[in-house]
Structures are given as structure tokens and as C-alpha cells.
Amino acid sequence: MAIKFGRPLERKIGFVPVEAERGEVQRNPLDLTVRMRRNRQHEWTRRMVREHVLTADDLIWPLFVMDGDNARQPVPSMPGVERLSVDQVVREAERAAKLAIPCVALFPYTDPALRDESGSEALNPDNLVCRAIRAIKQHVPDVGVLCDVALDPFTSHGHDGLLRDGVVLNDETVAVLVRQALLQAEAGCDVIAPSDMMDGRVGAIRKALDAENFAHVSIMSYAAKYASAFYGPFRDAVGSAKTLTGDKRTYQMDPGNSDEALREVALDIEEGADMIMVKPGLPYLDICRRVKDTFGMPTFAYQVSGEYAMIQAAAQNGWLDGERAMLESLTAFKRAGCDGVLTYFAPKVAEKLRAEK
């Protein structure tokens with residue numbers, strides 16, 4: 001006898017033989033007290049009982065910044081995504097404001113001639129990111145700006161930190177990241193997002209921000225960032241795919257670990273993180289759920305470039321309904337406990353949500 005929630009199923013469900021001829025309505029309906037389909041039979045009932053709802057408020061839009069004027073350059077491995085000159089980034093920020101997308105995230109495509117072993121361009125107060133921050137804040141001040149803090153877009157070796165004899169240095173890297181974060185805050189950045197996974201960087205950045213009168217600047221920590229295969233198209237977009245030497249497994253998390261993510265999150269919260277991020281997204285929904293349930297902190301996920309590219313490629317080949325897959329994937333983040341998602345689908349989703357109102 002099958003047992004469900006402590007009760008024999010046979011007590012509520014009667015299995016009646018169907019003797020009617022094909023096409024004839026069954027005259028002996030099942031004796032069901034509970035019929036789950038009643039709440040699904042109409043669009044209005046489905047909306048009324050829906051547990052999780054996706055809105056534009058849940059979206060953060062990542063943008064890639066490059067040199068130039070009135071320039072847009074497609075990223076081949078990310079259909080629909082472009083590198084943008086600073087003036088075009090401002091246009092997209094204006095679009096975000098019209099679509100009620102609360103925040104954009106900036107990532108630079110640095111000229112290879114400006115990359116070096118130490119990532120010194122990260123400390124240039126007039127680098128791409130700082131120029132883009134100032135331009136957005138001048139023209140669209142009510143849109144939030146989130147800035148990645150790491151050295152990989154600026155180093156000739158493609159790593160997130162300083163490299164010596166093949167080893168990524170922790171404490172020395174943190175000292176540089178602190179200076180990078182301060183430059184971004186001075187330019188007007190609203191949310192500092194350390195993505196480097198160096199130990200102690202959140203506490204060091206928080207201390208420096210507070211000391212320099214930037215106590216109002218938030219930190220969204222890439223607290224659980226995994227050494228993932230899903231970052232490939234992003235590295236194409238920022239130009240680090242061809243420069244990366246080795247891999248990032250000595251500082252990014254092992255995909256097989258879950259408890260370790262909670263330790264990472266706990267440390268970042270203790271060090272002053274205001275918001276927490278899990279990266280990648282869909283392959284790590286279990287981590288999102290554990291983080292939210294354990295800490296109750298504002299929790300975000302990054303639907304990374306590989307996730308985006310897979311959906312786009314499948315849709316372009318006619319293998320799935322791209323729009324439905326897009327919405328379903330983002331709803332999954334909400335169901336897993338996320339307060340928001342960094343996603344390249346942000347403008348498309350926001351436009352669809354607006355059209356449905």
C-alpha cells in the first residue's frame with residue numbers, strides 16, 4: 001500500500017475501471033476530494049496562486065564597455081550582446097531607466113596594449129569603467145551602477161590577481177583591489193562587487209571605503225564563485241580568453257562543494273558584505289537556496305554567459321522556445337530564493353513584462 005504524508009492513497013483515490021467505449025464520457029468519475037488541477041484550469045487562477053513572480057525589479061543588466069565613439073561591437077559567442085563605447089553605455093542605461101531595471105553592471109574590454117602583469121590599468125582613474133560610471137551618473141543618476149572588482153580584464157595573464165612564479169598572490173592582490181574599489185567609488189559607483197575570490201578582500205574594501213567617507217557605498221560580494229566551464233563567452237567579451245594562463249582553481253570554488261560555500265558567505269557577511277552573489281546561476285540553484293535559508297541576506301545569482309549562450313543558441317536553431325526558456329530560467333532563480341539576477345536577458349525580459357501589463 002502506497003503511503004503519502006502518512007495516509008494510504010487508496011482511502012482517497014478510487015480506481016474505477018473504464019468500460020465506456022472510446023469517445024464516450026466516463027460515467028463513474030474518480031472519487032477525489034483533492035483535485036490539484038482546479039487551481040490550474042484558468043489563466044486568472046494560475047496568476048492568483050502563483051508563488052513566485054518575476055519583475056523588472058529583480059534584474060541587473062551586465063554591460064561590456066570598450067573604447068571608441070558611437071561604437072557597438074557584437075560578441076560572437078553571445079548572440080544579442082555587444083561591447084559598447086561609453087556613449088552607448090549611457091544610451092543603454094537610459095533604456096534601463098525606461099524599463100525600470102534598477103541597476104547595470106559594468107565590465108571593461110581593455111585594449112591589449114594596456115594590459116600588463118600587474119593590471120595597472122585597473123588603477124587608472126580615467127579607465128573605461130571609471131569613465132562609464134561618471135557618464136551614467138551624469139545622465140542617468142537614478143540607475144544604480146555595480147562595478148566588478150578584479151584584475152582579470154586588466155592583466156596580461158588573465159588572472160584575477162597578481163601572479164608570481166605561477167602563483168596568484170592573495171594579500172598583495174587585496175591591496176590592489178582596495179585601490180581599485182576606491183577609484184570606482186570616487187567615480188560614483190553605487191555597488192562594489194569583488195569577484196576575485198581572494199581571502200579577506202571584502203573586509204579590506206569595507207574598511208577602506210568607510211575610512212574614505214564612502215560608507216554609503218554597498219558591497220555585493222561574489223561570495224560563492226565557482227571554477228566553472230560556463231564562463232567562456234564572458235572571457236571572450238572582456239578579452240581574457242586568449243590571455244589566461246592555467247586556470248583559476250586555486251581561488252575559485254570547486255564545483256563539488258556546497259558546505260564550503262556557506263563558509264565563504266559567512267565570512268563575507270562578517271567582513272561587511274551587504275549583499276551576496278552566487279555564480280554561476282542555474283547549475284548552482286541548490287547553493288542559492290542554502291545561502292538564502294541559512295543567512296536570510298539579500299541573495300543574488302549571476303546567470304552567466306554560458307547559460308545565456310546555451311539558451312540563445314538552442315533558440316536560434318529552433319530546438320526550444322527561447323522566450324519561454326528565458327522566463328522559465330529566471331523564474332527558477334526566484335523560486336530558489338534569489339532576490340535578483342544578473343542576466344544578459346534583462347532588457348528583453350523587462351520589455352516583455354511591460355508588454356504583458
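**Strand β13, its neighbours and the largest pocket**

In this predicted model, Y302 of strand β13 stands opposite L342 in strand β14. The two strands, β13 and β14 (residues 340-343), run parallel and are joined by four bridges. Because five of the five residues of β13 (residues 299-303) are buried, this strand is largely enclosed by the rest of the structure. The points below take up β13 and its partners, and then the largest pocket.

**Burial of β13**
- In a regular strand the side chains alternate between the two faces of the sheet.
- For β13, both faces are covered, with T299, A301 and Q303 buried on one side and F300 and Y302 buried on the other.

**Pairing with β12 and the crossover**
- Strand β12 (residues 275-279) also runs parallel to β13, to which it is joined by three bridges, and within this pair M277 stands opposite F300 of β13.
- Together with helix α8 (residues 285-295), the strands β12 and β13 make a β-α-β unit that is right-handed.

**The largest pocket**
- The volume of the largest pocket is about 700 Å³, and of the 20 residues that line this pocket, R50, V53, L54, L353 and E356 are the closest to its centre.
- Helices α1 (43-49), α10 (322-335) and α11 (346-356) each supply at least two residues of the lining of the largest pocket.
- Sorted by class, the lining of the largest pocket consists of nine charged, eight nonpolar and three polar residues.

How values were computed. Residues numbered from 1 in each chain as written. Predicted model: local features only at pLDDT ≥ 70, side-chain atom pairs only at ≥ 80, totals over all residues. Heavy atoms only, no water. Buried < 20%, exposed > 50% of the residue type's maximum accessible area, 1.4 Å probe, protein only. Pairing = 2+ DSSP bridges. Right-handed = clockwise from strand over helix to strand, strands pointing away. 1 Å grid on protein atoms, 1.4 Å probe; cavity = no way out; pocket = protein on both sides within 12 Å on 5 of 7 lines; lining within 4 Å. Points joined across faces, edges and corners; volume = space filled by probe spheres on them. Nonpolar A, V, L, I, M, F, W, Y, C, P; charged D, E, K, R; others polar.
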